[in-house]
Amino acid sequence: MRRRQLLLAAAAGGAGILWGLRATNRDTGGGHSAYFQTLSNALDKAGLARPTLVIDRQKLLANANVLHQHLAGRYDYRVVAKSLPSLPLLETVMSHTDTRRLMVFHQPFLNLIASALPDTDVLLGKPMPVAAAARFYQQHKTAQFDARHQLQWLVDSPARVMQYAELGRQRQELMLINLELDVGLHRGGIKDEAQLIAALDIIEQEPFLQFSGFMGYDPHVSKNPRLLGGPEGAFSSVQTVYQNFVTIAERRLQRSLSGLTLNAAGSPTYQRYNGAQVATELSAGSALVKPTDFDLDTLADHQPAAFIATPVLKALPVAEVPGIEKLAALQSWFNPNSRQAFFIYGGYWKAKPESPPGLSLHPLYGRSTNQEMLTGSSRVTLQPDDWVFLRPMQSEQVFLQFGDIAVYDDGEIVDSWPVFTHS
Ligand SMILES: Cc1ncc(COP(=O)(O)O)c(C=O)c1O
């Protein structure tokens, strides 16, 4: 008798927990907002019917203005090309922010930029193997881009300075060397006084190398836990470290670094720079299109400007998983947002469903780059050929996966921007 009572109580408790969990799964489904409905109409009107990366030009320009206003002439702006990997996109951002400075991260894109945008000033964003640097020179044919004055190689160690010195001597050509500083990110780079002095001494002795400045990237700042001083503490430490390297270099070289490139920031921190820091220029790219990884307090005045648009191929009334079809009803009772299944054209991008609201991945159905299943509640009214929108989590790789970017402006697709290619 007591055992039966116990079992009944356990069953009632279990049911209670299930009901409680179910109650946390609110129906979040709905239809497209007016913005995404208008964007859908524009894509249809343009005859598009495949996964497409869309950039909203008005939002992009608004972000460019926000950035330009924050810098307020106190720092030069260097556009991070890997995060905006398309020539017309870079041109648009450069002309709205009044800069010709680019940060580049990939040898084929470096050659592309040197030939297509020969009036730019380029700083590498990571140290290239010296063989990649040699390859740049072999392939570089555009005389208007004078690498001796317009290109700064990023170098992270005395050993790599020696490799570049050797390349400079072989080519009998001046190479500008910018030193990567470890300002707290711990992704390599010059870490202490001894390394800095060793690197500077080699550069000074080499006839074909010239020291052009420092790069100190600081995205770790925004992730610093409160317990360790929070972002403010980490930012202040970055500044102390950076200033210290500048002081050491000036002492060793017996000259001021003014006029050199003292690069800093990145999208997460650029708004923390207020004119009081030693940096002369700030880099940012992602903030211009704001993928979801950049939904940060420090970028609250930037808006998402890039979306993946993809057609619904199939809309099914139940989301069934092979082998456990019978659980579909239980699953949709438990979570109303998994009632219907929508198979989209493509998928498995580094991106999150954005519109219509309430779409998500099924926890058990596998992922697919071919036709991915998203589920939604009965309030989602998507039909085959309707558009689903996702927001990229980052831009650099995601933007390269769709061919030309569809440029959206005021209710119309107005342009098509090719993205970088590797060949
Ligand atoms: C050296 C360096 N500077 C700046 C950035 C900032 O790029 P974004 O503004 O797109 O985050 C990056 C990004 O990886 C970087 O590696």
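**Exercise 1. Find the residue in β16 that is the bridge partner of Val54, then work out how β16 sits among its neighbours.**

*Solution.*
Step 1. Go to Val54 and look across to β16: the bridge partner there is Ala406. Keep in mind that you're looking at a predicted model.

Step 2. Now take the whole strands. β1 (residues 52–56) and β16 pair in the parallel sense, over three bridges.

Step 3. Turn to β17 (residues 412–417). Five bridges join β16 to β17, and these two run antiparallel. Ala406 turns up again here, standing opposite Ser416 in β17.

Step 4. Check the link between the two strands. β16 and β17 form a hairpin with two residues between them, and Asp410 in the turn has a positive phi of about 55°.

Step 5. Finally, burial. Four of the five residues of β16 (residues 405–409) are buried, so the strand is largely enclosed by the rest of the structure.

**Exercise 2. Decide which residues of β2 point one way and which the other way, and find out what β2 pairs with.**

*Solution.*
Step 1. Start with a rule of thumb: in a regular strand, side chains alternate between the two faces of the sheet.

Step 2. Apply that to β2. Asp76, Arg78 and Val80 point one way, while Tyr77 and Val79 point the other way.

Step 3. Ask about burial on each side. Both sets are buried. That makes five of the five residues of β2 (residues 76–80), so this strand is largely enclosed by the rest of the structure.

Step 4. Look for the partners. β2 and β9 run parallel and are joined by four bridges, with Asp76 opposite Glu281 in β9. β2 also pairs in the parallel sense with β3 (residues 101–104), over three bridges. In that pairing, Val80 has Met103 as its bridge partner.

Step 5. Follow the chain from β2 to β3. It crosses through helix α4 (residues 87–97), and this β-α-β crossover is right-handed.

**Exercise 3. Which residues of α4 are buried, and what do they pack against?**

*Solution.*
Step 1. Recall that an α-helix has 3.6 residues a turn, so residues three or four places apart point the same way.

Step 2. Pick out the buried residues of α4: Leu89, Leu90, Thr92, Val93, Met94 and Thr97.

Step 3. See what they touch. The buried residues of α4 pack against β1, α3 (57–71), β2, β3, β16 and β17. So the strands from the first two exercises come back here, β2 and β16 among them, because the buried residues of the helix pack against both.

Step 4. Step just past the end of the helix: Asp98 takes a positive phi of about 60°.

**Exercise 4. Describe the shell around the ligand by its residues and their classes.**

*Solution.*
Step 1. Count the shell: 13 residues surround the ligand, and the closest are Ser83, Gly266, Ser267, Gly285 and Ser286.

Step 2. Ask which elements give two or more residues to this shell. They are β7 (209–217) and β9 (281–284).

Step 3. Sort by class. There are six nonpolar and seven polar residues, and no charged ones.

**Exercise 5. Hunt down some backbone oddities in the loops: a cis peptide bond and two positive phi values.**

*Solution.*
Step 1. Set the baseline: most residues other than glycine have a negative phi, and most peptide bonds are trans.

Step 2. Find the cis bond. It runs from Ser355 to Pro356, with omega near 0°. Pro356 is in the loop between β12 (351–355) and β13 (360–361).

Step 3. Go to Tyr348, in the loop between β11 (340–345) and β12. Its phi is positive, about 60°, although Tyr348 is not a glycine. Tyr348 has 12 other C-beta atoms within 10 Å, so it is exposed.

Step 4. Do the same for Asp385, in the loop between β14 (371–376) and β15 (387–392). Phi of Asp385 is positive too, near 80°. Asp385 counts as exposed because it has 12 C-beta neighbours inside 10 Å.

**Exercise 6. How far apart are the centres of domain 1 and domain 2?**

*Solution.*
Step 1. Get the bounds from the domain assignment: domain 1 is 28–52 + 304–417, and domain 2 is 106–279.

Step 2. Take the centres over C-alpha atoms; 41 Å separate them.

Step 3. Put that beside the whole protein, whose C-alpha atoms fill a box of roughly 90 × 60 × 40 Å along the principal axes.

Methods:
Residues are numbered from 1 along each chain as its sequence is written. This is a predicted model: local features need pLDDT of at least 70, side-chain atom pairs count only at pLDDT 80 or more; totals for chains, interfaces and linings use all residues. A residue is near a molecule or strand if its C-beta atom, placed from the backbone, lies within 6 Å of it. Ala, Val, Leu, Ile, Met, Phe, Trp, Tyr, Cys and Pro count as nonpolar, Asp, Glu, Lys and Arg as charged, and the others, Gly among them, as polar. A residue is buried if 20 or more other C-beta atoms lie within 10 Å of its own, exposed if 12 or fewer, and partly exposed in between; C-beta atoms are placed from the backbone. Two strands pair if DSSP finds at least two bridges between them. A crossover is right-handed if, with the strands pointing away from the viewer, the path from the first strand over the helix to the second runs clockwise. Domain bounds come from an automatic or database domain assignment. Two residues are in contact if their C-beta atoms, placed from the backbone, lie within 7 Å.
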